[in-house]
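The following exercises are to be worked with the sequence and the model side by side. Each task is followed by a solution in steps.

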Protein chains: 2
Amino acid sequence: MSSFNVELKKVVDDSYEIEIGYELSNQLVEDLEKGLVGKIKRFAVITDSNVRDLYAKPICEKLIHSGFLVDMFVFPAGEKSKTRETKAKLEDAMLEKGYRRDCCVIAIGGGVVSDIAGFLAGTYGRGVPFINYATTLLAAADASIGGKTAVDTPLATNLIGLFNQPKKVYIDIACWKTLPDRQMRSGMAETIKHACMASMDMFEFIEENLDDIMNFKKFACEYITENNCNIKYQVVMKDEKESGLREILNLGHTVGRAIETVSEYKLLHGEALAIGMAAEVLLSARLGYMSEEEAQRVIDLYKKTGLPTEIPDYIDREELVHKLYTDKKVRDGKLRFVLQKGIGDIVEYTPGVYARPIEEDLAREIIMEL
Amino acid sequence: MSSFNVELKKVVDDSYEIEIGYELSNQLVEDLEKGLVGKIKRFAVITDSNVRDLYAKPICEKLIHSGFLVDMFVFPAGEKSKTRETKAKLEDAMLEKGYRRDCCVIAIGGGVVSDIAGFLAGTYGRGVPFINYATTLLAAADASIGGKTAVDTPLATNLIGLFNQPKKVYIDIACWKTLPDRQMRSGMAETIKHACMASMDMFEFIEENLDDIMNFKKFACEYITENNCNIKYQVVMKDEKESGLREILNLGHTVGRAIETVSEYKLLHGEALAIGMAAEVLLSARLGYMSEEEAQRVIDLYKKTGLPTEIPDYIDREELVHKLYTDKKVRDGKLRFVLQKGIGDIVEYTPGVYARPIEEDLAREIIMEL
């Protein structure tokens, strides 16, 4: 018997820039001309059926005009497309067009697009660079920092995927204007979550400037975008592999994701999250981590934003409880919830642990109330 | 417009140990008891239908005996199983059994098993640890170092995958005894390739000890395994992302992979590689990089090992040339070949570039001769 040591210690630099502004497509072209992804001249633009004509096509045209080789790969819009099958179809289409390892993927769209495109880029030719051009508020808040990419499977949400950092992220606030109203409101759910989690100032800003945000006023949209990035960055940076602190980003998601699934995606992610946040603040209040008034204030802001804070009638509450307690995060029969400490802070349950085990009975009680 | 910098510079240590020896299953159990993968107690053993009863089941039993939670996930043996579909089926089976992110994947088998299991582990829950228990000579030579994992798609071989380093590799030479003779010979193809590429001593050792290797004599098998690891390690270490030097591992593979595909996998990887190596030495001799005698000596060693060095009649040579010149490595209409300089060295075509562009006509000429 002999043994052989493979030494693979190295410094990895995955740093990247997030550009926040209005109409950033010229900036993207300029960055690529300046060598953002080195000598690569071939770009696979991945987008969905909603974003194609609005933003992806014009950007492709600009890129082609600048001498790049560009193809657009489009899949049907919606969370239901976030599957291994969509990824495989896109891969086959890229292979068909002759894409090999010397290419770069550009995701243009919302969270579903960046999730699929980022995952695809991470396994295409064992990894090609990718750029994220985020066109929705939700993608801005949720998909720009952290490098999480994934697809859903029949048995699990976001469980098959990769950590894959983009080369650059563009958050184009101008694109939000064409978002369906429901999508824009849905995007606000994560933004309000960030405020609940980490910043009373941000929470108050949203309370005071909600109309300006919903009317795409530059100062208000830039403010929330910068704060979204900053809060998520602070959390993710301190815990890149999601062992402890990063878990707090799951605030409201325990119930939210289950509702999203049980609703068969009739509810948008943010809508389901809003209900999940309502469940979470009720639970936090019940356990004494925040006052009833604070819980109500959070619920009121979600309501004012036009988001649901009650479980729709077509969802079977018992099915939801069952779904929750067969969730991936169940340990020893207890589901762990991230909870708020007032508004703008998180409960640290035990040192370094930010989720508290909750018995099925208590969770059922809250869910029956919602 | 504002911008935000995400700093993600860090030190990553993917170092691991390769254990080479006879009957290493007790060593594996002991390592896991000692905390090789930390506190993880749940193991998904991935194997194929050939290896299941021979080695995977006994290892599972030992692990269960030691108190670990273990399930075995089996797919049909063969290169044809190396697909996204097999990966998805295994994922679904693991999800069905309740596997989440706190598990470890153990690959027990040859190269196909380690390729699929390594890729699966890299994307399961965005990455769980994996251990490679290699039962074939080919896996020992090819799959133990480099971290390359991948699946095949209808349009490309090994193009969808990941770089994913195992936590430990076990090369159990005792398992080679149950390899079908054809598999064992096929495994020798990569071993001889390594010798051709980097070591005249190793080449001569194989010439002199071929019978002992084929009869699983300990000294001979350990010698070639250590040399295989060492050569591959030297190459991979110097160029982890396959930009330049690592390309030399493709020696013989340009034609070899195309033959493997065109044969519809009737030829094993090593058999196709042997023919690819014959093509490569003929080309190297034609271009003056080695003598006719050296080329013949390489071909003779492949023949003596019982491997094919001529293109089988059922393969259409024109189809093969077409396949080659639509290969992923074609640039400007020229296919790039790694070539040998004598035996035990590689041609450095231009500084840092180890592959030489070859016109379609010259490649056709060689292929017609084979």
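**Exercise 1. The end of a helix**

Which residue just after α10(A) takes a positive phi, and of about how many degrees?

Solution. The model is predicted: local features need pLDDT of at least 70, side-chain atom pairs count only at pLDDT 80 or more, and totals for chains, interfaces and linings use all residues. Residues are numbered from 1 along each chain as its sequence is written, chains are lettered from A and ligands numbered from 1 in the order in which they are written, and side-chain values use heavy atoms, with hydrogens and water left out.

Step 1. Locate the helix: α10 of chain A covers residues 269-286, where helices (H or I, at least four residues) and strands (E, at least two) are DSSP runs numbered from the N terminus.

Step 2. Examine its length. The 18 residues reach 25 Å from first C-alpha to last, close to the 26 Å expected at 1.5 Å a residue; the expected span is 1.5 Å times one less than the number of residues.

Step 3. Examine its cover. Of the 18 residues of α10(A), 16 are buried (under 20% relative accessible area; exposed is over 50%, partly exposed in between, with a 1.4 Å probe and protein chains only).

Step 4. Move past the helix end: A:G288 is the residue sought, with a positive phi of about 85 degrees.

**Exercise 2. Relation of the two chains**

Determine what turn and shift lay chain A on chain B.

Solution. Step 1. Superpose the copies by least squares on the C-alpha atoms of residues with pLDDT of at least 70 in both. A turn of 180 degrees with a shift of 0.1 Å along the axis gives an RMSD of 0.1 Å. This is the relation of a two-fold axis.

Step 2. Find the residue of chain A that comes closest to the rotation axis: A:V11, whose C-alpha is at 2.2 Å.

Step 3. Compare the interfaces. The copies meet through the same surface, because 100% of the interface residues of chain A are also interface residues in chain B.

**Exercise 3. A sheet with strands of both chains**

Give the order of the seven strands in the open sheet that contains β1(A).

Solution. Step 1. Two strands pair if DSSP finds at least two bridges between them. The order is β1(A)-β3(B)-β10(B)-β7(B)-β6(B)-β4(B)-β5(B), with mixed pairing.

Step 2. Identify the edges. They are β1 (2-6) of chain A and β5 (69-75) of chain B, each pairing on one side only. On average, neighbouring strands are turned by 15 degrees against each other, direction ignored.

Step 3. Follow the edge from chain A. Five bridges join β1(A) to β3 (residues 16-21) of chain B in the antiparallel sense, and A:S3 has B:E19 as its bridge partner. The side chains of A:S2, A:F4 and A:V6 point to one face and are buried, whereas those of A:S3 and A:N5 point to the other and are not.

Step 4. Turn to the edge from chain B. Here β4 (residues 42-48) and β5(B) run parallel, joined by seven bridges; B:D48 is partnered by B:F75.

Step 5. Add a helix. α4 (residues 111-123) of chain B packs on the sheet and touches β4, β5, β6 and β7 (130-134) of chain B, its direction making about 170 degrees with that of β6(B). Contact means heavy atoms within 4.5 Å; axes are lines fitted to C-alpha atoms, for helices over the stretch in contact, and angles run from 0 to 180 degrees between N-to-C directions.

**Exercise 4. The surroundings of B:S25**

Is B:S25 buried or exposed, and which residues does B:S25 touch?

Solution. Step 1. B:S25 lies in helix α1 (residues 25-33) of chain B and counts as buried at 12% relative accessibility.

Step 2. List the contacts: leaving aside residues up to four places away in sequence, B:S25 touches B:I59, B:K62 and B:Y133.

Step 3. Look for polar atoms. The side chains of B:S25 and B:K62 are joined by a polar contact of 2.8 Å (a pair of N or O atoms within 3.5 Å; within protein, one must be able to donate a hydrogen and the other to accept it, and residues adjacent in sequence count only if both atoms are side-chain atoms).

Step 4. Widen the view to the helix. Its buried residues are B:S25, B:Q27, B:L28, B:V29, B:D31 and B:L32, and their cover includes β3, β4, α2 (51-65), β6, β7 and β10 (168-172) of chain B.

Step 5. Just after α1(B), B:G35 takes a positive phi of about 95 degrees.
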